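Work through the exercises below with the sequence and the model at hand. Each task is followed by its solution.

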Amino acid sequence: MGGFLDNLKKMFIMPADSGSKFITFNIICKRCKEEIIVKASKTSDISKLYEGDEAPGGAEYLLRKEILGNKCNNLVHITVYFGSGYNVISREISGGKFAD
Ligand SMILES: [Zn+2]
């Protein structure tokens, strides 16, 4: 006994699909030109939009993130709106620019 319960616990703890939990962005710091790779977690960084939220048409998810590089203390802010398939609908950045 116990094996079944242990397996059950693992099922809940282990992520079902770890490969698609993150969306990455390449940004460039405006001050030092450092290229920074941002990993946004779909579960903790990206939030679902609700009716009444101010958002572009078709947007379902919102990511707001502050990014600090290693080379200077310039903070980069990004705001990205995603559609239902995590496709980017619109994005804004301050303190840097998107590299792609
Ligand atoms: Zn920098």
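**Exercise 1.** Describe the hairpin formed by E5 and E6.

Solution. Begin with the turn: 5 residues lie between E5 and E6, and Tyr86 in this turn has a positive phi of about 60°. Strands here are DSSP runs of E, at least two residues long, and helices are runs of H or I, at least four residues long, numbered from the N terminus. The model is a predicted one, in which local features need pLDDT of at least 70, side-chain atom pairs count only at pLDDT 80 or more, and totals for chains, interfaces and linings use all residues. Residue numbers start from 1 along each chain as its sequence is written.

Next, take the pairing, for which DSSP must find at least two bridges between two strands. E5 (residues 75-82) and E6 (residues 88-94) are joined antiparallel by 6 bridges. One residue pair to locate is Tyr81 with its bridge partner in E6, Ser90.

**Exercise 2.** In what order do the 4 strands of the open sheet lie?

Solution. The order is E3-E4-E5-E6, with antiparallel pairing. E3 (46-48) and E6 are the edge strands, as each pairs on one side only. At the E3 edge, 3 bridges link E3 to E4 (residues 61-68), again antiparallel. Lys48 is found opposite Tyr61 of E4.

**Exercise 3.** Place the sheet within the protein chain.

Solution. Count the elements: the protein chain has 1 helix and 7 strands. Then read them from the N terminus, which gives α-β-β-β-β-β-β-β. Finally, 13% of the 100 residues count as buried (20 or more other C-beta atoms within 10 Å of the residue's own, with C-beta atoms placed from the backbone).

Technical notes
Buried ≥ 20, exposed ≤ 12 C-beta atoms within 10 Å, placed from the backbone.
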